[in-house]
Amino acid sequence: MKKATFTELAERVLFTVYPRRCPVCGIQLPTEEYICAKCAESFPYKYHKETLNGLTVYSVCGYNELTKNIVLGAKNQRDGDKLDFIAYAASDMMKTLDAGESADGIVPVPQHISKYFTRGYSHTEKISRQLSRHIGIPVINAVKKGRATAEQKSLSHAQRKLNLKGVFYVKENADIKGKRLIVFDDVCTTGATLLEVCACLKEAGCKDVVCVCFARAGKEK
Ligand SMILES: [Zn+2]
């Protein structure tokens, strides 16, 4: 039998005290499950691969009331069940579609430090760390966001591009030269954010990049 790591042991103890719950209906789940069977059956999975702004973008589902609730819980309420589910669903989609299988690292789309202080955590980083455990590819926190920006969803297409211009940059000590990377974000709408993040990674010398997001908004698939 494989020896459990310290993290796995700690997780087992944690689940005894705080069992994981279904991110949709809230029912208590067995340790190895991330959504209950009933909600899994009706969950609007739409594993999808597309080319957007010249980038390869993989997504798990569309953006609707149900998936929005999961995204917002993970983003603003530190809801561990929703964070865990997004990571699990992304890993399952990636395995199903052979997405990023030869990648060297997962790069979370960063938030500005002011958001980090308000929320106390970065949801994309937390999800990326869980995703990393599922797919065995390390997280490389290579990109930073230099200034706070207006919410992309409040802006027009042209404004979105302008809003993000030059806002992301690669950390000086980031080890990404020649590497194949997976950029992770929770939601993708026009792809403007992914485009900016990928552009700065390519400029800094990464070999290849694909994007993975949970919910694909703004497009009927
Ligand atoms: Zn459920």
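Here is a short walk through this structure, from the whole chain down to a couple of single residues.

Keep in mind as you look around that this is a predicted model. Start with the overall picture: the chain folds into eight helices and seven strands. Its radius of gyration is 17 Å, close to the 17 Å that the globule rule gives for 221 residues, so the chain is as compact as a globular protein of that length. If you lay the C-alpha trace along its principal axes, you get spans of about 45 × 40 × 35 Å. As for the inside, 35% of the 221 residues count as buried. And what about contacts along the chain? Taking those with a separation of 6 or more, 72% are between residues 24 or more positions apart.

Next, the domains. The domain assignment splits the chain into domain 1, covering 10-43, and domain 2, covering 45-216. Their C-alpha centres sit 24 Å apart. Where the two touch, domain 1 puts in seven residues and domain 2 puts in eight. On the domain 1 side of that contact you'll find five nonpolar residues and two charged ones, with no polar residues.

Now zoom in on a pair of helices. H3 runs through residues 65-76 and H4 through residues 80-97, and they pack at an angle of about 115° with their axes 8 Å apart. The way H3 passes H4 is a left-handed crossing. From H3, the contact uses Ile70, Gly73 and Ala74, while H4 brings Lys82, Leu83, Phe85 and Ile86. Sorted by class, that contact has five nonpolar residues, one polar and one charged.

Finally, two residues with a backbone quirk. Most residues other than glycine have a negative phi. Which way does asparagine 53 go, positive or negative? Its phi is positive, near 55°, and it isn't a glycine. You can find asparagine 53 in the loop between strand S1 (45-52) and strand S2 (55-62). Asparagine 53 has 14 C-beta neighbours inside 10 Å, so it counts as partly exposed.

The other one to look for is aspartate 98, which also isn't a glycine but has a positive phi of about 50°. Aspartate 98 lies in the loop between H4 and strand S3 (105-108), so following H4 from the helix pair leads you on to this loop. Is aspartate 98 buried or exposed? It is exposed, because there are just 10 other C-beta atoms within 10 Å, and the cut-off for exposed is 12 or fewer.

Conventions. Residues are numbered from 1 along each chain as its sequence is written. This is a predicted model: local features need pLDDT of at least 70, side-chain atom pairs count only at pLDDT 80 or more; totals for chains, interfaces and linings use all residues. Axes are lines fitted to C-alpha atoms, for helices over the stretch in contact, and angles run from 0 to 180 degrees between N-to-C directions. Helices (H or I, at least four residues) and strands (E, at least two) are DSSP runs, numbered from the N terminus. A crossing is left-handed if the near helix is turned anticlockwise from the far one by less than a right angle, and right-handed if clockwise. Ala, Val, Leu, Ile, Met, Phe, Trp, Tyr, Cys and Pro count as nonpolar, Asp, Glu, Lys and Arg as charged, and the others, Gly among them, as polar. Domain bounds come from an automatic or database domain assignment. The radius of gyration is taken over C-alpha atoms; the globule rule is 2.2 Å times the number of residues to the power 0.38. A residue is buried if 20 or more other C-beta atoms lie within 10 Å of its own, exposed if 12 or fewer, and partly exposed in between; C-beta atoms are placed from the backbone.
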